[in-house]
Amino acid sequence: MIRHTVLPYLTKGAILFFMLIFIAGCAAKDAQHSSASSSLVKKEQMKKEQMKKEQRKQKEQLLTNAEVSARQYDYQKAINLLGQSDFSKDKDVQSTIHEYKNQEKKLAVWPDNYKIPHLFFHSLIVNPSRAFDGDNKTQGYEDYMVTINEFKKMINQLYERGFVLVNLQDIAKPDKKGKMVYQDIKLPAGKKPLVLSQDDVSYYEYMKNDGFAKNLTLDANGNVTNTYVNEKGESVQGAYDLVPIVDNFVKNHPDFSYKGHKGMIALTGYNGVLGYRTSESDYGPNSENPNPNIKKDQQQAKKVADAMKREGWKFASHTWGHLDAKKVTLCHLEKDTTKWKKEVEPIVGPTDTIIFAFGSDIQDWKPYSNDKYQYLKSQGFHYYANVDATKTYWSQSGPDYYRQARINVDGLRMSEALTGRNNVLKQFFNVNQIFDPLRPAAKKLIH
Ligand SMILES: [Zn+2]
């Protein structure tokens, strides 16, 4: 009886036991299964979040790029950038497009393209004590150059006074028939167009050891910068001349530049360009002073020029040999132009602009008509610049050319401002606040 009664109990117990084990096993398997599927879900979620993050980043970058164009008064570019992107339906992007369309309506066409001043500079002095060391070049540097400290103050004041950098092509352009026509420059109230140029960016041989940059080059990120050989003889990289200084300034103040345009670099050829001894006639293997690295230097100079063009700089001829275009014969001008095209153009590309050396010009103020003009026109020159600091602006839009006068910003002009002999700089900046105390004339002129 006991056996009968115990056995079923045992059997029942065993069944229960096995059932429990079975249930436990299933639960474990379930748990295993669910943990596997939840990690899959998590992975999926992480992937989605990563994608969202990536998209957010792309959208932010897009909005940032569009904002730079908008701040540089190029609302069409900003709107196209946003409207043609993958985010064109995005709410933020849509509202930004709407905002830019409204801002664009507030721009007004600059009323008179005749009234646009043009300031020009030479290489900037990095170290005044080296430039003004009393040797026979000191006076020249004092007269024709500006120090970095002065230049930085100048662009700050130009910016504060509402000036915006435009290039000559923004002012006037040849139409399909070659007729030069004024272009609309659209700016908000209070902003004024200004042309900027820099001459002789060759870092000429004579300037060595006098406290100027050695060349324009590219930094590790491909940005335009300078090499400067300091007092200890060490080569350092940084913004030691006008181009990278303006680039940096526009990075921080995009609205100082109209559509990303910066200025014009007027180059001769006889000492090479941009600090590289690239001239075949002066540094080639058969020259008196051969440069063994000439090919490499030509390539490097081209890379720098390409980067400058991408950054909004344009190049102009300053004649190959720094000629006085008024004094030389037509034949000389022709030979010189051919040399510029042979040695400088392969590096900086073709140009339609000639900025005459010595502030010279090929003719007086009457519309161009002489044979020098006919020749230069046949060589593709449509823009001409001379120097005239007696007025704030002067230009002439001929039937097929645009000619503009420039004001030299240098020690001579600043000294004239400080002694009241010429007030042309007054509307651009306050020379009293700018004149470098390290200039030899500072004690006499600054009170
Ligand atoms: Zn010059």
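In this predicted model, Y228 stands opposite V236 in strand β12, a pairing that belongs to the antiparallel arrangement of β11 (residues 224-229) and β12 (residues 235-238), which are joined over 4 bridges. The two strands form a hairpin with 5 residues between them, and in the turn G233 has a positive phi of about 85°.

On the other side of the hairpin's partner strand, β10 is joined to β11 by 4 bridges, again in the antiparallel sense, and here L218 stands opposite V224 in β11. Together these strands make up an open sheet of 3 strands in the order β10-β11-β12, with antiparallel pairing. The edge strands are β10 (215-218) and β12, each of which pairs on one side only. Neighbouring strands of this sheet are turned against each other by 40° on average, with direction ignored.

Two helices accompany the sheet. Helix α8 (residues 242-252) packs on the sheet and touches β10 and β11, its direction making about 135° with that of β11, whereas helix α10 (residues 294-310) lies across β10 and β11 and runs at about 80° to β10. The table sets out these two helices with their angles.

| Helix | Residues | Strands involved | Angle |
|---|---|---|---|
| α8 | 242-252 | β10 and β11 | about 135° with β11 |
| α10 | 294-310 | β10 and β11 | about 80° to β10 |

Beyond this region, the protein chain has 16 helices and 18 strands. Its radius of gyration is 33 Å, well over the 22 Å that the globule rule gives for 447 residues, so the chain is more spread out than a compact globule. Taken along the principal axes, the C-alpha atoms of the chain fill a box of roughly 140 × 55 × 50 Å. Of the 447 residues, 38% count as buried, and among the contacts with a separation of 6 or more, 65% are accounted for by residues 24 or more positions apart.

The domain assignment divides the protein chain into domain 1 (2-105) and domain 2 (110-445), and the centres of domain 1 and domain 2, taken over C-alpha atoms, are separated by 56 Å. Where the two domains meet, 5 residues of domain 1 are in contact with 8 residues of domain 2. On the side of domain 1 that touches domain 2, the residues divide into 2 nonpolar, 1 polar and 2 charged.

Notes. Residues numbered from 1 in each chain as written. Predicted model: local features only at pLDDT ≥ 70, side-chain atom pairs only at ≥ 80, totals over all residues. Pairing = 2+ DSSP bridges. Axes fitted to C-alpha atoms, helices over the stretch in contact; angles between N-to-C directions. Contact = placed C-beta atoms within 7 Å. Rg over C-alpha atoms; globule rule 2.2 N^0.38 Å. Buried ≥ 20, exposed ≤ 12 C-beta atoms within 10 Å, placed from the backbone. Domains from an automatic or database assignment. Nonpolar A, V, L, I, M, F, W, Y, C, P; charged D, E, K, R; others polar.
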